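Here's a quick look at two strand neighbourhoods in one chain fold. Have the sequence and the 3D view open as you read.

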Amino acid sequence: MSSAMLRTEGLSVRAAGRYLIEDISIALGQEFVLVRGPSGAGKTTLMRCLAGLIPHAFDLDMQGRVLLGGEPTTDMSLPDIASRVAMVFQRPETQLFNLFVADEIAFAPRNAGLPEAEVASWSGDAAAALGIEHLLARRVTELSGGEKQRVAIASALAMHPEVLILDEPFSQLDIQGAVSLADALGRLHNSGAGVVVIEQYPERLQGLASRELHIDGGEVVFDGPPHDEAPDHSGEQWEALLDPAPMEAKGDELVRLENASVRRDRTEVLRGVNLSLNAGERIALVGPNGSGKSTIAGLLAGTTKPTRGSVERPAKLRIGLVPQSPSWMLLADTARQEIEIGASSRTGSATPPEELLSALGLAAVADHPPSLLSSGEMRRLCFAAALAGRPDLLIVDEPAAGQHREARETMMSLAAQRCEQGGALLFITHDLDLVRRWATRIIVLRDGQITAEGSPVALRKAGTVEDT
Ligand SMILES: Nc1ncnc2c1ncn2[C@@H]1O[C@H](COP(=O)(O)OP(=O)(O)OP(=O)(O)O)[C@@H](O)[C@H]1O
Ligand SMILES: [Mg+2]
């Protein structure tokens, strides 16, 4: 038996008088471990401890010990820990700090003092593994959400860490990106590294993980071999979901894009998009990373202006936007207030804030500042605040990111209720299953243009819309 690379002994972390994790003792070797559990359960907190970020970078009350190769992480410096244990954050944009993509990926090997030839080969391999060679000369701040996630992962791979910890690394990746990442993680593990992945879609790691940890309520509630999961559809194409028959009649038109184009730097990232959204519709906007999905969301919400063409939208149209990185939307002192502000913009009978809090599993954190919520909780809070304003058009960019199955379903069914009352939903996702079950229309975007559109096949075959 080889000794564990990482071990925790009676590990607890407290914040605001609450245990985020409590009395966890585990040992990790050169394994491939899948970490599961509900949003807000303490998964990220445990991983931050393993990576030395708690207590070194977060001012939280940590009890017990974390040992790296037998040495307590409290006796080591964060750079020493980080050179051996790399972590990719749940919100990858928060860990990118270089101006250009190439420098971001080369940063760790260069900083470790490797010869420049080796720096080039390590970072080149990492960029190739994530399929981002075409982004190397781009500015980090001017990337789409999924492109940033790929850069953060490539930067961690380029470190050749002993242990790589990834916090929901697939959450914003397109279908091809997810396949590439699974392959890269398999290769890393085969080369002798430990790999620990927090993931809400365990089928993505089928055949790779040999151990599963389930975290719930801050405790390890399961530690053993992986459960069997449904087959992986990650190779499927969006076009295969489309019914070739013409779509049925729709409700009143709410908003329309006419020949809309958006230019960023010298590139047209949207080119001549025509699109009309109607009351009652649940529209899935899908396509590869960088294809322009969030740009369309911005046009519809009015946060992005078209460089050519127009956005036709009645002035009184109410739009609720849940952006891909929702943290910047949250400004109130507590989670409850955030929803109350959303609701106050509208008179009449909206869902009471307390009901939204409990439906979305936020009751326990209702009085916490939004900045202390987990990433999945933040997204649900932003969703609740948008919904509380009873929008005519609700736009949700990546509802599934950071959410366990039950939370995803709750969000979709709340949004669907809004559509029954005459609203419309536009959601952006890479989750085939979510699209298949909830969309009434699918719009496929590739390289800044709509390339296919229609209703989902499964929906028509079933004959009914699953609204319940
Ligand atoms: N601020 C910016 N400046 C310049 N280019 C940008 C900016 N934001 C995004 N882009 C580029 O515009 C294109 C479309 O980006 P967008 O965010 O709409 O993609 P997306 O389909 O939402 O991707 P993802 O699935 O990764 O979220 C991409 O090539 C992206 O790199
Ligand atoms: Mg996007």
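Let's start with a single residue pair: Leu34 sits opposite Glu212 in S10. Keep in mind that this is a predicted model.

That pair belongs to a parallel pairing, in which S4 is joined to strand S10 (residues 211–216) by four bridges. S4 also pairs with strand S9 (residues 194–198), again in the parallel sense and over four bridges. There, Val35 faces Ile198 of S9.

How enclosed is strand S4 (residues 32–36)? Five of its five residues are buried, so the rest of the structure largely encloses the strand. Phe32, Leu34 and Arg36 point to one side of S4, while Val33 and Val35 point the other way, and all are buried. Yes, that includes Arg36.

Now for the other region. Here three strands make an open sheet, ordered S13-S12-S15, with antiparallel pairing. Its edges are strand S13 (267–278) and strand S15 (308–312), each of which pairs on one side only. On average, neighbouring strands of this sheet are turned by 15 degrees against each other, direction ignored. Helix H8 (residues 293–301) packs on the sheet and touches S12, S13 and S15; its direction makes about 125 degrees with that of S12.

Strand S12 (residues 253–264) pairs with S15 in the antiparallel sense over four bridges, and Ser261 has Arg308 in S15 as its bridge partner.

Here are the strand pairings side by side:

| Strands | Sense | Bridges |
|---|---|---|
| S4 and S9 | parallel | four bridges |
| S4 and S10 | parallel | four bridges |
| S12 and S15 | antiparallel | four bridges |

Notes: Residues are numbered from 1 along each chain as its sequence is written. Chains are lettered from A and ligands numbered from 1 in the order in which they are written. This is a predicted model: local features need pLDDT of at least 70, side-chain atom pairs count only at pLDDT 80 or more; totals for chains, interfaces and linings use all residues. Side-chain values use heavy atoms; hydrogens and water are left out. Buried means under 20% relative accessible area, exposed over 50%, partly exposed in between (1.4 Å probe, protein chains only). Helices (H or I, at least four residues) and strands (E, at least two) are DSSP runs, numbered from the N terminus. Two strands pair if DSSP finds at least two bridges between them. Axes are lines fitted to C-alpha atoms, for helices over the stretch in contact, and angles run from 0 to 180 degrees between N-to-C directions. Contact means heavy atoms within 4.5 Å.
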